[in-house]
Amino acid sequence: MTGLSVPTSSWPFPETGLPVAMAEAAFEHRISAPADFAAAGIPMPPELAEAVPMRRAAHLAGRVCAREALRACGAPGSLVGRDRSGAPVWPAGYRGAITHAAKVAAAAAIRADACRGLGLDFEISMTGEAAAEISDLVLRPADLRGIASLTGLSFEEGATLVFSLKESLYKAIAPLLGTFAGFEDAELAGIADGRARLRLVRRLSDDLQPGTEVDCVYALSGGLVRTLAVLA
Ligand SMILES: CC(C)(COP(=O)(O)OP(=O)(O)OC[C@H]1O[C@@H](n2cnc3c(N)ncnc32)[C@H](O)[C@@H]1OP(=O)(O)O)[C@@H](O)C(=O)NCCC(=O)NCCS
């Protein structure tokens, strides 16, 4: 389809030892018409009918990536639904996550028996001004220490990285949440060489007690921060 690259398997992260499949695609806003959805075999959610073209295109590209990631982990032809809150609904027996940033979309999927939750997030690296603005809301003291320990990263790259790690964490734990989780509810427990651990600092549900740690991997390239979180 013009305006959407063929979704390709990609793995920019260190190995996790888990059978996660990930697919990535570049897209343009022009793939936003009902005919584009029909051509790709992806239903357009009625609530996105009035959304701006770029939002519809991002949704379509994300769903095409999700179908490819599901195919790669053994569920060919499966589609991902959408619940009333906007969260993706994965086919029985699989988990996954979808993200889009600028003109890149991606999805990761895994068999449901391999972990309790999977999160994926891509972010364009923030400007210094934006990083300073979100710092108080998103970064705890342990996060600031983690960022300072990373050599070769600017503060804004580090802030974007922690922001993205927490967005991936949110997607991984969302199905188990008993309440809303904010950025202050998790902090870095370790970060180095493409791997990080986030620790919950308060009880979020029976399954998500304070001290629960979530393993993450990350990669930075070309101004794009990519993160993936796995709740074991
Ligand atoms: C929902 C949320 C995670 C989306 O992240 P984002 O960086 O804004 O956007 P992304 O492009 O990366 O992801 C968008 C996709 O997330 C998925 N998504 C939406 N709600 C979701 C949820 N509750 N759980 C999991 N995935 C969700 C959707 O697939 C969506 O794409 P689609 O609407 O086209 O299907 C974010 O907006 C949010 O509400 N975060 C909550 C606060 C938080 O992160 N707290 C940190 C906890 S430690």
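The following passage describes the domain arrangement, the ligand shell and one helix pair of a predicted model.

The domain assignment divides the chain into domain 1, spanning residues 8-114, and domain 2, spanning residues 121-231. A distance of 22 Å separates the C-alpha centres of domain 1 and domain 2. Contact between the two involves 13 residues of domain 1 and 16 residues of domain 2. On the side of domain 1 that touches domain 2, at least two residues come from each of β5 and β6 (104-111). By class, this side of domain 1 comprises 11 nonpolar and 2 polar residues, with no charged residue.

Both domains also take part in surrounding the ligand, since at least three residues of its shell are drawn from each of domain 1 (8-114) and domain 2 (121-231). The ligand has 24 residues around it, of which His59, Ala87, Thr99, Tyr170 and Ala174 come nearest. Two or more residues of the shell are given by each of the elements α2 (53-72), β5 (94-101) and α5 (155-173). The greatest contribution to the shell is that of α5, with 5 residues. In its class composition, the shell around the ligand contains 11 nonpolar, 7 polar and 6 charged residues.

Helix α5 is further engaged in packing with helix α3, which covers residues 128-138. The axes of α3 and α5 lie 9 Å apart and form an angle of about 45°. Because an angle of this value falls outside the ranges counted as roughly parallel (under 35 degrees) and roughly perpendicular (65 to 115), α3 is classed as oblique to α5. The crossing of α3 past α5 is left-handed. From α3, the residues in this contact are Gly128, Ala131, Ile134, Ser135 and Val138. Their counterparts in α5 are Phe155, Glu156, Ala159, Thr160, Val162, Phe163 and Lys166. The contact of α3 with α5 is made up of 7 nonpolar, 3 polar and 2 charged residues. Helix α5 thus appears in two settings, as the element that gives the most to the ligand shell and as the packing partner of α3.

Key: Residues are numbered from 1 along each chain as its sequence is written. This is a predicted model: local features need pLDDT of at least 70, side-chain atom pairs count only at pLDDT 80 or more; totals for chains, interfaces and linings use all residues. A residue is near a molecule or strand if its C-beta atom, placed from the backbone, lies within 6 Å of it. Helices (H or I, at least four residues) and strands (E, at least two) are DSSP runs, numbered from the N terminus. Ala, Val, Leu, Ile, Met, Phe, Trp, Tyr, Cys and Pro count as nonpolar, Asp, Glu, Lys and Arg as charged, and the others, Gly among them, as polar. Domain bounds come from an automatic or database domain assignment. Axes are lines fitted to C-alpha atoms, for helices over the stretch in contact, and angles run from 0 to 180 degrees between N-to-C directions. Angles under 35 degrees count as roughly parallel, over 145 as roughly antiparallel, 65 to 115 as roughly perpendicular and the rest as oblique. A crossing is left-handed if the near helix is turned anticlockwise from the far one by less than a right angle, and right-handed if clockwise. Two residues are in contact if their C-beta atoms, placed from the backbone, lie within 7 Å.
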